[in-house]
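This report looks at one loop residue and its surroundings, then at strand pairing and the nonpolar core. The sequence and structure are shown first.

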Amino acid sequence: MFVRDATGLDVSVRVKPAASSDSVNGVVATADGQLNLVLRVRAVPDNGRANKAVIALFATWAGCPKRDIHIIRGAAARIKTLRVTGPADRLDRTRAKLETLTHER
């Protein structure tokens, strides 16, 4: 679900666009066993609206500025990989939040 290296944190997410509200809904496993953070966004997948909403929602949830979050894989898919950059202490806090969700699963 997430990989931390020297330059940042990669997070695998499953996006559910056109939802009734924006929310982070825990962790779900794919058929191959990969864990994904579930993000529901109200925006529709049209002209990048849902992608912008995903970045904004994750930024709010993780306590990171939007400028530090980029979609590096899956821009046109429901399963995406987000790249989070920034100070090491913020990345460690984000990783700890992700680990908590993983253990609650």
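In this predicted model, D68 makes contact, once its neighbours within four places in sequence are left aside, with R83, V84, T85, G86 and R90. D68 lies in the loop between α1 and β5 (69–73), and D68 counts as buried because its relative accessible area of 11% falls under the 20% cut-off.

Strand β4 (residues 35–40) has pairing partners in both β2 and β3, as the table sets out.

| Strand paired with β4 | Sense | Bridges | Example of facing residues |
|---|---|---|---|
| β2 (residues 8–16) | parallel | four | V15 opposite L39 |
| β3 (residues 23–29) | antiparallel | five | V27 with L37 |

The antiparallel pair, β3 and β4, forms a hairpin in which five residues lie between the two strands, and G33, placed in the turn, has a positive phi of about 90°.

Which residues of the largest nonpolar core touch the most other members? They are V11, L37, F58, I69, V84 and L98, out of 27 residues in that core. At least two core residues come from each of β2, β4, α1 (49–62), β6 (79–84) and α2 (88–104), and α1 gives the most, with nine residues.

V11, one of those core residues, has contacts that, leaving aside neighbours within four places in sequence, comprise M1, F2, F58, K80, T81, L82, V84 and L98. V84 is thus a contact of V11 and also a contact of D68.

Note on methods: Residues numbered from 1 in each chain as written. Predicted model: local features only at pLDDT ≥ 70, side-chain atom pairs only at ≥ 80, totals over all residues. Heavy atoms only, no water. Pairing = 2+ DSSP bridges. Core = buried A, V, L, I, M, F, W, Y, C linked by side-chain atoms within 4.5 Å. Buried < 20%, exposed > 50% of the residue type's maximum accessible area, 1.4 Å probe, protein only. Contact = heavy atoms within 4.5 Å.
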